[in-house]
Amino acid sequence: LEAQLAHAQKMEAVGTLAGGIAHDFNNLLQTIQGYAELLANRADSHDIDRQRLDKIFDAVQRGRELTRNLLTFSRKMEPHLRRLNLNRELAEMQDILSHTLPKMITVRLETAPELPAVHADPSQVAQVIMNLAVNAKDAMPDGGTLTLKTQCLTLPQGHASGLKPGDYVCLSVEDTGTGMPETVRQRIFEPFFTTKPSGSGTGLGLSMVYGIMASHQGTVLCHSVPGQGTRFDCLFPALPEAASEVDSPPRQQAPTAP
Ligand code: ADP
């Protein structure tokens, strides 16, 4: 538990720091962009200066994307919680992913029937699945299978995840890719940790997943076997069974007879 607390505090500190830097940096980039635009208005379109200015615009654009990612990560991620059926979210994501991932990656869906609902922010759930799926794609350069899975779990007291005992819905994203050695696996949730060549990875995807899961009173766990593949398990506390699966207001309690 101590290690988890230390990790959470470290994430919080780095988040605050990154947020501050990103904010100031974004302002600088805006200034650069503004002056470059002033110059661009003067340069004629066949000018060599014009091409150089376009390079400045491209770099500024990339910088602003990076700072936007940083700001998302560092923002206190207050989720807009709704009663959700993760099977439905997953089916939607399968549809999107099977159209956008390379053809040599098969996207499978394995959903548990009668899944309890969870309290979750649909756009953050989509972000979690997307970040995990993009990593899975990167880990399968020669193709493979991406499996999106749900199941119900009951965690006992003192589970290694540090979560309270009780019922959870586990959303898994599994790949048949390269896997990772233990030394890498231990560091993957650290902000800015990446093994990807500079320019292609920011090292923020999994920190974001970690932050989102923590703000949902859940967590994310990683199992990986080098040469075989990786599975990320996202645990959401299950909601008690309701009268209906749809987003209906809670039923009024029937008055009890005296
Ligand atoms: P990035 O993808 O920008 O590197 P992430 O935080 O998303 O940042 O991931 C951090 C690192 O974790 C990756 O660089 C990679 O080494 C490792 N990783 C994440 N997902 C997987 C996966 N599915 N298979 C193998 N390695 C992975």
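User: Before I look at this predicted model, what does it take for a crossing of two helices to be called left-handed?

Analyst: A crossing is left-handed if the near helix is turned anticlockwise from the far one by less than a right angle. In this predicted model, the crossing of α4 and α6 is left-handed.

User: Which residues of α4 and α6 make that contact?

Analyst: From α4 come Gln124, Gln127, Val128, Asn131, Leu132, Val134 and Asn135, and from α6 come Gly205, Leu206, Met208, Val209 and Ile212. Sorted by character, the residues of this contact comprise 7 nonpolar, 5 polar and no charged.

User: How should I describe the way two helices pack?

Analyst: Two packed helices are described by the angle between their axes and the distance between the axes. Here the axes of α4, residues 122-138, and α6, residues 205-215, cross at roughly 150° and come within 9 Å.

User: Which residues of α4 are buried?

Analyst: It helps to recall that an α-helix has 3.6 residues a turn, so residues three or four places apart point the same way. In α4 the buried residues are Gln124, Val125, Val128, Ile129, Leu132, Ala133, Asn135 and Ala136. The helix α4 has 17 residues and spans 24 Å from its first C-alpha to its last, close to the 24 Å expected at 1.5 Å a residue.

User: Which residues come nearest to the ligand?

Analyst: Of the 22 residues around the ligand, those that come nearest are Asn135, Ala139, Thr194, Gly201 and Gly205. The elements that give two or more residues to this shell are α4 and α6, and the shell as a whole divides into 8 nonpolar, 12 polar and 2 charged residues.

Conventions. Residues are numbered from 1 along each chain as its sequence is written. This is a predicted model: local features need pLDDT of at least 70, side-chain atom pairs count only at pLDDT 80 or more; totals for chains, interfaces and linings use all residues. Axes are lines fitted to C-alpha atoms, for helices over the stretch in contact, and angles run from 0 to 180 degrees between N-to-C directions. Helices (H or I, at least four residues) and strands (E, at least two) are DSSP runs, numbered from the N terminus. Two residues are in contact if their C-beta atoms, placed from the backbone, lie within 7 Å. Ala, Val, Leu, Ile, Met, Phe, Trp, Tyr, Cys and Pro count as nonpolar, Asp, Glu, Lys and Arg as charged, and the others, Gly among them, as polar. The expected span of a helix is 1.5 Å times one less than its number of residues. A residue is buried if 20 or more other C-beta atoms lie within 10 Å of its own, exposed if 12 or fewer, and partly exposed in between; C-beta atoms are placed from the backbone. A residue is near a molecule or strand if its C-beta atom, placed from the backbone, lies within 6 Å of it.
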